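Please open the structure in a viewer and keep a selection panel at hand. The tour below proceeds from the surface inward and closes with the chain as a whole.

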Amino acid sequence: MGGSVEYFVNYFKASIMNNVVAENPCTLSDYYQELRDFVVDKRGDAEKKALFLHNIEKAYKIVGEEIFGMEEKRYGD
């Protein structure tokens, strides 16, 4: 499994495109949760897990902004 932000951005975008022909399509947040669960359940280095989770979060925000126009919510703004 890759782990860069770009990898996860591509994963989310491919998942959305696959929804076009899927019998039971999923939401972007479903794919986000699926990835998070996969990383959390995987055995291995805790530091690498933390990096992957951070990259998943960042990719989710990027794709949300690009595709749906969702803006990142910032505390204090």
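**First selection: a nonpolar patch.** Select Met17, Val20 and Val21, which together make a nonpolar surface patch of about 370 Å². The coordinates under examination are those of a predicted model. Within the patch, centre the view on valine 21, which is placed in the loop between helix H1 (5-18) and helix H2 (28-41). Is valine 21 buried or exposed? With a relative accessibility of 72%, valine 21 counts as exposed, because the threshold for that class is over 50%.

**Second selection: a charged patch.** Next, select Asp30, Glu34, Asp37 and Asp41; these residues form a patch of negative charge on the surface. One of them, glutamate 34, belongs to helix H2. Its relative accessibility is 44%, so glutamate 34 is classed as partly exposed.

**Third selection: the salt bridges.** How many salt bridges does a search of the whole structure find? The search returns two.

Begin with lysine 13 and glutamate 66, whose side chains meet in a salt bridge with an N to O distance of 2.6 Å. This pair connects distant parts of the chain: lysine 13 lies in helix H1 and glutamate 66 in helix H3 (residues 46-68), with their positions 53 residues apart in sequence. Lysine 13 has a relative accessibility of 30% and therefore counts as partly exposed.

Then move to glutamate 57 and lysine 61, which also meet through their side chains in a salt bridge, here at 3.8 Å from N to O. Both residues are part of helix H3, and they are four residues apart, or about one turn of the helix. Glutamate 57 has a relative accessible area of 27% and is partly exposed. Lysine 61, at 31% relative accessibility, is likewise partly exposed.

Keep glutamate 57 selected and add phenylalanine 8. The two residues are 49 positions apart along the chain, and a distance of 9.1 Å separates their C-alpha atoms.

**Fourth selection: asparagine 55.** Remain in helix H3 and select asparagine 55, which is found there. Why does asparagine 55 count as buried? Its relative accessible area is 10%, and the buried class covers values under 20%. To see its surroundings, display Gly3, Ser4, Val5 and Phe8: asparagine 55 is in contact with these residues when its neighbours within four places in sequence are left aside.

**Fifth selection: tyrosine 60.** Continue along helix H3 to tyrosine 60. This residue is buried, with a relative accessible area of 18%. Return to phenylalanine 8 for a second distance: its C-alpha atom and that of tyrosine 60 are separated by 7.8 Å, although the residues are 52 apart along the chain. Which residues does tyrosine 60 touch, not counting those up to four places away in sequence? They are Phe12, Leu28, Ser29 and Tyr32.

**Sixth selection: leucine 28.** From tyrosine 60, step across to leucine 28, which is located in helix H2. The C-alpha atoms of these two residues lie 8.0 Å apart, and their positions differ by 32 residues along the chain. Leucine 28 is buried, at a relative accessible area of 9%. With its neighbours within four places in sequence set aside, leucine 28 is in contact with Phe12, Ile16, Tyr60, Val63, Gly64 and Phe68. Phe12 may be kept on display here, since it appears among the contacts of tyrosine 60 and also among those of leucine 28.

**Final view: the whole chain.** Clear the selections and show the full chain. Its secondary structure amounts to three helices and zero strands, and reading along the sequence gives the pattern α-α-α. Of the 77 residues in the chain, 27% are buried. The accessible surface of the chain is about 5,800 Å², with 52% of that area belonging to carbon and sulfur atoms. Of the contacts between residues at least 6 apart in sequence, 58% join residues at least 24 apart. The contact between tyrosine 60 and Leu28, visited above, offers an example to inspect, as these residues are 32 apart along the chain.

Terms used. Residues numbered from 1 in each chain as written. Predicted model: local features only at pLDDT ≥ 70, side-chain atom pairs only at ≥ 80, totals over all residues. Heavy atoms only, no water. Patch = residues over 30% accessible without salt bridge, like charges linked within 9 Å, V, L, I, M, F, W, Y side chains within 5 Å. Areas by Shrake-Rupley, 256 points an atom, 1.4 Å probe, with all protein chains shown as cover. Salt bridge = Lys/Arg side-chain N within 4 Å of Asp/Glu carboxyl O. Helix = DSSP H or I, 4+ residues; strand = E, 2+ residues; numbered from the N terminus. Buried < 20%, exposed > 50% of the residue type's maximum accessible area, 1.4 Å probe, protein only. Lys, Arg positive; Asp, Glu negative; His and termini not counted. Charge placed at Lys NZ, Arg CZ, Asp CG, Glu CD. Contact = heavy atoms within 4.5 Å.
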